[in-house]
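Trainee: I have a model open and would like to learn how to read its features one at a time. Could you walk me through it?

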Amino acid sequence: MRTMKTVLNFMEEDHDRLDNIFKEFKNIKNTDKNRARNLFHEFKIGLQKPIVWEEEILFPLFENKTGMHDTGPTAVMRMEHRKIKDFLERIHHGLGKNIQTKDLEDGLIEVLTEHNDKEENILYPWIDNSVSEKEKEEVFTKMKNLPPEKYNKCCES
């Protein structure tokens with residue numbers, strides 16, 4: 001019997017991948033500005049994708065199962081997504097104009113760290129424990145088939 005992947009493991013792997021891209025960006029941003037801008041762009045697009053996965057697939061699943069539509073963890077996480085997207089745009093804009101972005105990067109990491117902790121300790125385990133294997137497969141299929149134009153956006157400010 002094959003082991004079913006979990007939403008938690010799948011999303012944790014994506015969080016780790018994005019963390020590594022951001023660390024590489026921070027390590028080279030003062031020595032190779034072009035490569036750093038490319039890495040940040042990869043990070044930005046890469047982070048926008050799971051935000052769409054969550055807002056269009058995972059959050060509605062959670063809300064439909066719990067009845068918590070405008071309250072609870074997903075309402076807080078949507079607010080945090082807006083903050084994250086604002087930081088991404090401001091950092092991206094700053095990098096394009098060679099403006100110092102360290103304070104923005106620190107703010108982004110602060111919001112992201114708390115946000116990811118909530119997802120990995122509350123939302124994802126709840127989904128894994130509350131939905132059937134068939135529903136999980138449907139989630140992964142929807143995530144895999146998400147059209148790139150939903151998340152592959154840049155310079156939205």
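Mentor: Gladly. Let us start with threonine 31, which is exposed, with a relative accessible area of 68%. Buried means under 20% relative accessible area, exposed over 50%, and partly exposed in between, with a 1.4 Å probe and protein chains only. Threonine 31 sits in the loop between H1 and H2. Helices here are DSSP runs of H or I of at least four residues, strands are runs of E of at least two, and both are numbered from the N terminus.

Trainee: What should I keep in mind about the model itself?

Mentor: This is a predicted model, in which local features need pLDDT of at least 70 and side-chain atom pairs count only at pLDDT 80 or more, while totals for chains, interfaces and linings use all residues. Residues are numbered from 1 along each chain as its sequence is written, and side-chain values use heavy atoms, with hydrogens and water left out.

Trainee: How far apart are threonine 31 and methionine 77 in sequence and in space?

Mentor: They are 46 residues apart in sequence and 35 Å apart in space, C-alpha to C-alpha. Now take another pair, phenylalanine 25 and alanine 36: these are 11 residues apart along the chain, with their C-alpha atoms separated by 5.0 Å.

Trainee: What surrounds phenylalanine 25?

Mentor: Contact means heavy atoms within 4.5 Å. Leaving aside neighbours within four places in sequence, phenylalanine 25 is in contact with Ala36, Leu39, Phe40, Leu95 and Glu105. Phenylalanine 25 belongs to helix H1 and is buried, with a relative accessible area of 0%.

Trainee: How many aromatic pairs does the structure hold?

Mentor: There are 7. Rings of Phe, Tyr and Trp (its six-membered ring) pair if their centres lie within 6.5 Å; planes under 30 degrees apart count as stacked, over 60 as edge-to-face and the rest as tilted. One of the pairs is phenylalanine 22 with phenylalanine 25, which is tilted, at 5.5 Å centre to centre and 45° between the planes. Both of these residues lie in helix H1, 3 residues apart, about one turn of the helix. As a general idea, an α-helix has 3.6 residues a turn, so residues three or four places apart point the same way. Phe22 and Phe25 also join Phe40 and Phe43 in one aromatic cluster.

Trainee: And which kind of pair do phenylalanine 62 and tryptophan 126 form?

Mentor: That pair is edge-to-face, at 4.7 Å centre to centre and 70° between the planes. Phenylalanine 62 lies in helix H2 and tryptophan 126 in helix H4, so the pair ties together parts that are 64 residues apart in sequence. Phenylalanine 62 counts as buried at 3% relative accessibility, whereas tryptophan 126 is partly exposed at 26%.

Trainee: How do I read a whole helix, say H5?

Mentor: Begin with its span. The expected value is 1.5 Å times one less than the number of residues. H5 (residues 133-144) has 12 residues and reaches 16 Å from its first C-alpha to its last, close to the 16 Å expected. Next, look for its buried residues, which are Lys136, Val139, Phe140 and Met143. Seen down the axis of H5, they fall within an arc of 95°, so they line one face of the helix; the arc is that of the directions from the helix axis to the C-beta atoms. These buried residues pack against helices H1 (7-28), H2 (33-66) and H4 (102-130). Turned away from that buried side are the exposed residues Lys134 and Lys142.

Trainee: Where is glutamate 63, and is it buried or exposed?

Mentor: Glutamate 63 is in helix H2 and is buried, with a relative accessible area of 6%. Its side chain is joined to that of arginine 78 by a polar contact of 2.5 Å. A polar contact is a pair of N or O atoms within 3.5 Å; within protein, one must be able to donate a hydrogen and the other to accept it, and residues adjacent in sequence count only if both atoms are side-chain atoms.

Trainee: One last feature: what is the phi of asparagine 98?

Mentor: In general, most residues other than glycine have a negative phi. Asparagine 98 has a positive phi of about 55° although it is not a glycine. Asparagine 98 lies in the loop between H3 and H4 and counts as exposed, at 55% relative accessibility.
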